[in-house]
Amino acid sequence: MNETKNVLLAGASGVLGRHITGALTRAGHTVIGLGRGAGAGVRADLMDRDGLLRAVKGIEVDTVVHAATALRTAPMRHKDMFATDDLRVTGTRNLMEAARALGARRVIAESMVFGYGYRDFGDHVITEDTDPFAPTGDRAVERHLEGMRVKEELMLGSDGIEGIALRFGLFYGAGATESLARMLRRRKVPAVTDHGRVLPWVDLADAGRAVALAVEGGRPGRAYNIVDDTPTGFGAHVREVAEAFGTPKPMSAPTWLMRPFPYAHRMVTTSMRVSNARARAELGWAPDHADCAEGLRALAGS
């Protein structure tokens, strides 16, 4: 039986944070939520170093999980990501200082597959060993990639701490997909034409389980791709949501219509196939649903 851990979770009030809390609690761990809201067990802003160190003083934790972002809605323009970029750099640096002050043994970083780059990888299957993470040279997205690169470097390369990064696919699931279904019912969301492009997805519940497994398992200093088995185009995913929830069929739209929203346009014109083999072998993780179509049907109860 695994030893019970005290886990400090930055971002506990977010959608992913709630799934992580549930998974950790079911595994027998104690979760201490860190955030700025009144419901947080530890109230602090990751961007405020001194305030953070004061807030965590005296608590006892074995593991720190960094799942905090500054996003409240889906990012459409590059500037919508800037606060999260800053949180990945300055906020992570401050959180790592707090982790060392607390004597935490392990830290787990929420990362993402877009760190491999916002481009079309064709039929190449991305793995943690063969593909560089957050490569330089793409000026339009360099700020975002730098944030992801620095966050992982700070959490994986800290002396005396076992760092693990979980590179998640695009999220769907309870707490997130319902809002998309509501927008589809009001006919407010088109489905872009994918032209064969695909993206990796992961159910939020599966993502939460991956964090719980990483509290005890996995190899320190390693990154793991946490994605389901079947990549699906962004437009195809929207159509799958409509079918699973019985909403009106979304209108098809060419991707060029997204150009006024440059960050969203880069996302929907990215194509990547990502392997989850390392997570299966070393974390003992596997998605409950092989693809988002199956997962969405289960979520909708159909």
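A good place to enter this predicted model is the loop between α5 and β9 (191–192), where Arg-187 lies. The backbone of Arg-187 has a phi near 55 degrees, a positive value in a residue other than glycine. Most residues other than glycine have a negative phi. With a relative accessible area of 64%, Arg-187 is exposed, because exposed residues are those over 50%.

A further positive phi, near 50 degrees, is found at His-195, again in a residue other than glycine. His-195 belongs to the loop between β9 and β10 (201–203). Its relative accessibility is 61%, so His-195 counts as exposed.

Attention now turns from these loops to the interior. The largest nonpolar core comprises 34 residues, and those with the most contacts inside it are Phe-114, Tyr-118, Leu-184, Val-241, Met-272 and Leu-296. Helices and strands both supply this core: two or more residues each come from the helices α4 (142–156), α5 (177–185), α7 (234–245), α8 (262–268) and α10 (292–300), and from the strands β6 (120–126), β8 (170–172) and β13 (271–274). The largest share, 5 residues, is contributed by α7.

What does Tyr-118 touch, leaving aside residues up to four places away in sequence? Its contacts are Asp-138, Val-141, His-144, Leu-145, Met-148, Tyr-263, Arg-266, Met-267 and Thr-270. Apart from this core, there is a second, separate one of 26 residues, which includes Leu-24, Val-65, Val-202 and Val-211.

Definitions and conventions
Residues numbered from 1 in each chain as written. Predicted model: local features only at pLDDT ≥ 70, side-chain atom pairs only at ≥ 80, totals over all residues. Heavy atoms only, no water. Core = buried A, V, L, I, M, F, W, Y, C linked by side-chain atoms within 4.5 Å. Buried < 20%, exposed > 50% of the residue type's maximum accessible area, 1.4 Å probe, protein only. Helix = DSSP H or I, 4+ residues; strand = E, 2+ residues; numbered from the N terminus. Contact = heavy atoms within 4.5 Å.
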